[in-house]
Amino acid sequence: MDVSRRAVLAGAAASVAATGLSGCATASFGSRSSYLTNIVDPRNTNTVYHWVDIAMQQVRDQRVAPPRAAYNFAAPMVAGFAAANAIIGRYDMPYDLGEAPVGADPEVAYGVAFATAAAECFQQPFLWERRGFLSRFDSGEAKELGAAWGRHVGIAINKMRTHDGAQPDRVNYYLGRYPRRDDALKWTPTGPTYSAGPGPAVGAYDRGLFPGHGQITPWTMTSPSQFRVDPFPDPRSPEFAAQFEQVCALGGKDSMERTADQSEIALFWEDGPWGITPPGHFLYIGLQVMQDRGFDFLDHARHFALMGATQADASINAWDSKYTYDVLRPETAIKFRCGEFGNPDPRVAAQPQWQSYIPTPNFPAYTSGHSTFGAAGVEMVKLLIGTDAVRFSHESPDQVLWPSLTGKRRHFTSLDQAAHENGWSRIYGGVHWMQDHDAADYAGRQIARHAFQTMFRRKV
C-alpha cells in the first residue's frame, strides 16, 4: 500500500486535533520552562509576549542554531503584527495582504497569524498552543473573523518567503554562493572533532554552518550586502599582532589574565545549543525592559516585529561577511597557522597547546554573529523606548551547559552595557578577534537604525 508522507502527516494532525494533544506543547507563563516566568511581572503578560515566549521555547527545544533561530523569529512576529495592524490601521505596511475584515478581533488575528507562520518555520503545527490561545476568547463573529484573517496573513507571509534563498535542505553545502579564499587567513575547522592538524579529519567537514545564509532575502535591508563590513586586517600588520596577543592572553582555556568576572561573562553570553541562542537572548532583554512602559497591544506587536526582522537581518549580514571574507578562528591561527602569516612581530608566535575557553564554533570568524545580534537588538530597543539608561538584571536564560551560572545574576545600568558584555564575551571565550566584534557592532546598529527609519512607520 502506497501511503504518502503528506497523508500520514495530515492523519496525525487530525488525530492530535481530535485529542487536544500536541507532541510539542509549549509551557505557559509561570512554569519553569517559560522564559517569561523569571523576567515578566504577571500583570504585564499579553498576547504578544505569550507567542514570543512560545517561539523562544521552540528554538530551545528543537536546538535551533543561532542564524536559523533568528530567521525563525522573524516571520511569525511580522505576520502577527501585520494581521493585527491591518485591522487597527495605525502603521504603514509594505505588504499587499488585502483588506482586513471589519469587526475582526486583532489579538485573535495576531495569535493565529503568528502560529501559522511559526508552523512553517519550526515544522510543527502548534495545535495545542493554538487551541489553548483561542480558548481565552469568547465565541462570536469577532473571533471567527480574526482567526480567518490571521490564517490568511500567516499563509501570505509564508508564501512571500518561499523562495527567499534559505534552502534549509542544503545547509551543509556552500551552494556556490561564496568562493573560498586561498591564503593563510582561510578558515578551516578546529577542535576535538577534527584532526590534529589545521584541517579536518574528514573532508566532508570542510564546510561551515549555513554557508549560504548570507544571501537570504532580507526583511529590512535593501540587500544582504547593504551593511557588509570592510575587509579583515592584513595578518602581517601591527593591528593583527595586537589582536593576536589579546585573544591569546584573555581567551585561552588556562588563561592567567582573564578575571573571574570575565570568565563568567564568557559563559553567561555563550548561548549555545540547548538554549535561547544569541538572537533569542536579546528578544528576552526586550521582553524584560519594555514590559512596563505604557505600550499597548499593537505597540508591542510592532516592537517585536521590528526586533524579529532585524535579528533575522543581523544573521544575514553576519553570515554574508563570514563567507565573503572566510577568516579563520583564533584557535586555528594560534595553534597551527601563525607561521604562515609573515608577521615579524614576536607576539605572533605559535602555542600548540592553546585552547579556547569556550568551544570554537564550526564556521568562519569575521564578523561576530553574537556582536551583530547584540548591537541590532539593543539599538532597536533604545530607539523604541527612547533611552539607553535602563537598569535591569537577570540570570542566564539557559544554564544546561554551564551549571556554574546557577544563581548568578548579571546587573546592567544600560542596554549598551549588555551589548558590550555580549561582544567581549567572545574575546574572553577565545573564539573571536577584536575586529570581529568592532565591525559587527557597527553593522548591527546600522541595521537597526535603517529598519526603525523605514519599516512599519506610524501613519500620518
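**Group meeting: cores, salt bridges and a buried threonine**

Let me start with Arg410, which is buried at a relative accessible area of 8%. By buried I mean under 20% relative accessible area; exposed is over 50%, and partly exposed lies in between, with a 1.4 Å probe and protein chains only. Before going on, a word on the model: it is predicted, so local features need pLDDT of at least 70 and side-chain atom pairs count only at pLDDT 80 or more, while totals for chains, interfaces and linings use all residues. Residues are numbered from 1 along each chain as its sequence is written, and side-chain values use heavy atoms, with hydrogens and water left out.

Back to Arg410, then. Which residue does Arg410 form a salt bridge with? The partner is Asp261, and the closest N and O atoms are 3.0 Å apart. A salt bridge here is a side-chain nitrogen of Lys or Arg within 4 Å of a carboxyl oxygen of Asp or Glu. This pair links distant parts of the chain: Arg410 sits in strand β2 and Asp261 in helix α8 (residues 260-268), 149 residues apart. Helices (H or I, at least four residues) and strands (E, at least two) are DSSP runs, numbered from the N terminus. Unlike buried Arg410, Asp261 is partly exposed, at 39%.

The whole structure has 22 salt bridges. Another one joins the side chains of Arg228 and Asp320, at 2.7 Å from N to O. Here too, distant parts of the chain are linked: Arg228 belongs to the loop between α6 (141-160) and α7 (238-251), and Asp320 to helix α10 (residues 297-325), with their positions 92 residues apart. In this pair the acid is the buried partner, Asp320 having a relative accessible area of 1%, whereas Arg228 is partly exposed at 37%.

Next, please look at Arg445 and Asp416, whose closest N and O atoms are 3.0 Å apart in a salt bridge. Arg445 is in helix α14 (residues 434-454) and Asp416 in helix α13 (residues 415-428), so the bridge ties together parts 29 residues apart in sequence. Arg445 is buried at 12%, and Asp416 is partly exposed at 24%. Both belong to one network of salt bridges with shared partners, together with Glu379, Lys382, Asp441 and Arg449.

Now for the nonpolar side. A nonpolar core is a set of buried Ala, Val, Leu, Ile, Met, Phe, Trp, Tyr and Cys residues joined through side-chain atoms within 4.5 Å. The largest one has 93 residues, and Trp219, Met290, Phe304 and Leu415 have the most contacts inside it. Helix α4 (residues 106-122) gives the most to this core, with 12 residues. Apart from it lies another core of 23 residues, including Trp354 and Trp433.

My last stop is Thr372, in helix α12 (residues 369-385). Is Thr372 buried or exposed? Thr372 is buried, with a relative accessible area of 0%. Its side chain reaches the backbone oxygen of Ser368 at 2.7 Å. That fits our polar contact: a pair of N or O atoms within 3.5 Å, where, within protein, one must be able to donate a hydrogen and the other to accept it, and residues adjacent in sequence count only if both atoms are side-chain atoms. Leaving aside neighbours within four places in sequence, Thr372 is in contact (heavy atoms within 4.5 Å) with residues including Ala314, Asn317, Ala440 and Ile447.

Thanks, everyone!
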